[in-house]
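Subject: A structure for you to look at

Hi there,

I am passing on the structure we talked about, and I hope you enjoy looking around in it. Please open it first, and then read my notes below alongside it.

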Amino acid sequence: MRTTEYLLATLKETPSDAEVISHQLMLRAGMIRKLAAGLYTWLPTGVRVLKKVEAIVREEMNRAKAIEMLMPIVQPAELWQESGRWEQYGPELARLNDRHGRGFVLGPTHEEVMTEMVRNQISSYKQLPITFYQIQTKFRDEIRPRFGAMRSREFVMKDAYSFHLSNECMDKTYEIMHQAYCNIFERLGLDYRPVVADSGSIGGAVSHEFHVLADSGEDDIAFSDASDYAANVEMAEALAPTTPRAAATEQLTEVATPNAHTIDDIAKLFKVEASQTIKTLIVHGIKEEDSDEQPLVALVLRGDHQLNDIKAEKTGSVAHPMTFASDEEIKQATGTNPGSLGPIGLKMPVIVDRSAANLADFICGANKDGYHSTGANWDRDITGFEVADLRNVVEGDASPCGNGTLSIKRGIEVGHIFQLGKKYTTAMNAGVLNDNGKNEILNMGCYGIGISRIVAAAIEQNHDKYGIKWPEAITPFQVVLIPMNMHKSHRVADVAQKLYDELLEAGVEVLFDDRKERPGVMFNDMELVGVTHTIVIGERNLDEQLVEYKNRRSGDKEKLAIDSVTDFLKSKIG
RNA sequence: CGGUAAUUGGCGCAGUUUGGUAGCGCACUUGGUUUGGGUCCAAGGGGUCGCAGGUUCAAAUCCUGCAUUACCGACCA
């Protein structure tokens, strides 16, 4: 490709609404342009990368014996009503009507269409197990699209679905797909981790997320320093402290604390660590049937810990989804305002986090406006409480796997695999005849990869102040040729042309910067676009029949004989 | 959806306080100049200042309403 016959579309300045580095660089390197909020046009350079990611995913899916197909983006509303997600999905599901007034949705995912296809086309256990996939555009009307291709409303996804009779068979395919995902991220050249995940609203039991590690990631991942254990922070269990609780040494004392309402205030006032204080959060409990009364539940954590709402919901006492009680509700139930709450004498179920339950002589609200209690102790001052894991793990916690301690890093979720079980197949009555000739509902697995998000994640992980540094597997071009002042030197022009022809002949994806630009402009543009292998052709070296090779990733430079360039590059590209 | 801010040629911004014929840099076109790290000079094309209404002799500027966009909070590949 010659730049004069291409659309390079690089920018010197960063459009002002780009926040994260991958978004900025994708705009500046001429990969994407915004059409509207969360909607992007992929320019030629962006498409070249996108297609390479797709190709790797496609190869590994095929290798895992998944079969490619293609389903429509526009899907009939009836299917979504049948699965129950027409109501469940909420405003993120974009709905529309055709000219006859019939309801449709823009597909945010394809479980329904897939299940519909399988119930019609697969009728015997002899056809199982079977896995289908597609690489296709999805639409999710996100509340807040941001970060460019990282979280857009329209995006490219690979989604796969497997079907089985037995759980064992589903497990087996799940393992195969897990391995296929590892192969994909390995080949992409990304630093990634599979992590144990919450299966969220899609449902089902077993689930893993695949995260690309990057500081700009939106998820916290907890790792063990001594094993392979990795889990989304929302899922990682906070183990009970192993040291026994200290004995009570202080008397319970009420202290006036008129201006202290937060944990920070209290810790400063009493000159103690936040970990010696307790915070009490009032949330909505589960309503009794045929009762209008809204029960409340008190959740108690150490002052320095954060509540994990998924864990709270799992206690069985807390409403789904977890919601905080309003100030009025709290005032009515406890007679005090939120800043002075404590577990002592509360007339509602009290659930105490394991770490908080291990404290002795701690400080908590006195349930009296403007007062806190010091020297509080469990069992002596508070009784009738329940102990559970309620908090997010923090750096330095013992790993739940039993080996090592946890550290926490940011990750970008680029893949997610689930064992769905029979959730959709039951709702949509998708079964096959088993070996007894009886109809049996199918087990289902689903496996997603965010193709366009991978492009952004790869940039987050591979850039410097000059621009992108592509992993070779997904580089938009394999080689760039940068001639110095070609229009003034026939020798430079001739050599550049010869190398270009040779590389094309050898099947190398080469970008020939044949613009009449000053060298600095070319260098800057090409470093921004981020192609690894660069050949600079200049008068300076031509007397010795040499050209210059530069590696964008390693920074290595060397001089090459003109005749050896093609072979040299072919060996580098592999 | 709530909170904050913004909206002026393709991009980045000034001009708004104090109303008086719309400006700068980048990009683009033409000519020249320069040539191994974003040259320099000259000429040129392109904007009814987000939209609607109001105040005024006069509105990018003041007032009202609406829209769009970005950032901070709950979902997800």
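To start with one of the sheets: in what order do the three strands β4, β5 and β6 form their open sheet, and is the pairing parallel or antiparallel? The order is β4-β6-β5, and the strands pair in the antiparallel sense. At the edges you will find β4 (74–76) and β5 (95–97), each of which pairs on one side only. From one strand to the next, the twist averages 40°. If you would like a place to zoom in, β5 and β6 (residues 103–106) are joined over three bridges, and L96 has F104 in β6 as its bridge partner.

Before going further, a word on confidence. Please keep in mind that this is a predicted model. Chain A has a mean pLDDT of 91, and 99% of its residues reach 70 or more. For the complex, the predictor gives an ipTM of 0.92 and a pTM of 0.88. Where pLDDT is low, the predicted coordinates should not be read in detail.

Next comes a sheet with helices packed on it. Five strands make up this open sheet, in the order β27-β26-β28-β29-β30, and the pairing is mixed. Since β27 (510–512) and β30 (557–561) stand at the edges with a single partner strand each, one side of each has no neighbour in the sheet. Neighbouring strands here are turned by 25° against each other on average, ignoring direction. Within the sheet, β26 (residues 479–483) and β28 (residues 533–537) run as a parallel pair over five bridges, with V480 standing opposite T534 in β28. Helix α12 (residues 490–505) packs on this sheet and touches β26, β27, β28 and β29 (546–551). The direction of α12 makes about 170° with that of β26. Helix α15 (residues 565–573) also packs on the sheet, where its contacts are with β26, β28, β29 and β30. The direction of α15 makes about 165° with that of β28.

Now for helix α11 (residues 451–461), which packs with helix α1 (residues 21–28) at an angle of about 105°, the axes being 8 Å apart. The two helices α1 and α11 are therefore roughly perpendicular to each other. On the α1 side the contact is made by I21, S22, L25 and M26, and on the α11 side by V455, A456, I459 and E460. Sorted by class, the contact of α1 with α11 has six nonpolar residues, one polar and one charged.

Helix α2 (residues 44–63) packs with α11 too, at an angle of about 115° and with the axes 9 Å apart. Again, α2 and α11 are therefore roughly perpendicular to each other, and their crossing is right-handed. Here V49, L50, V53, E54 and V57 of α2 meet I451, S452, I454 and V455 of α11. By class, this contact of α2 with α11 has seven nonpolar residues, one polar and one charged.

Finally, two details of the backbone. L128 and P129 are joined by a cis peptide bond, with omega at about -5°; P129 is found in the loop between α5 (111–121) and β7 (130–139). K271 is not a glycine, yet it has a positive phi of about 55°. You will find K271 in the loop between α7 (263–270) and β14 (278–284).

Happy browsing, and best wishes!

Definitions and conventions: Residues numbered from 1 in each chain as written. Chains lettered and ligands numbered in written order. Predicted model: local features only at pLDDT ≥ 70, side-chain atom pairs only at ≥ 80, totals over all residues. Heavy atoms only, no water. Axes fitted to C-alpha atoms, helices over the stretch in contact; angles between N-to-C directions. Helix = DSSP H or I, 4+ residues; strand = E, 2+ residues; numbered from the N terminus. Parallel < 35°, antiparallel > 145°, perpendicular 65-115°, else oblique. Contact = heavy atoms within 4.5 Å. Nonpolar A, V, L, I, M, F, W, Y, C, P; charged D, E, K, R; others polar. Left-handed = near helix turned anticlockwise from the far one by under 90°. Pairing = 2+ DSSP bridges. pLDDT = per-residue confidence, 0-100.
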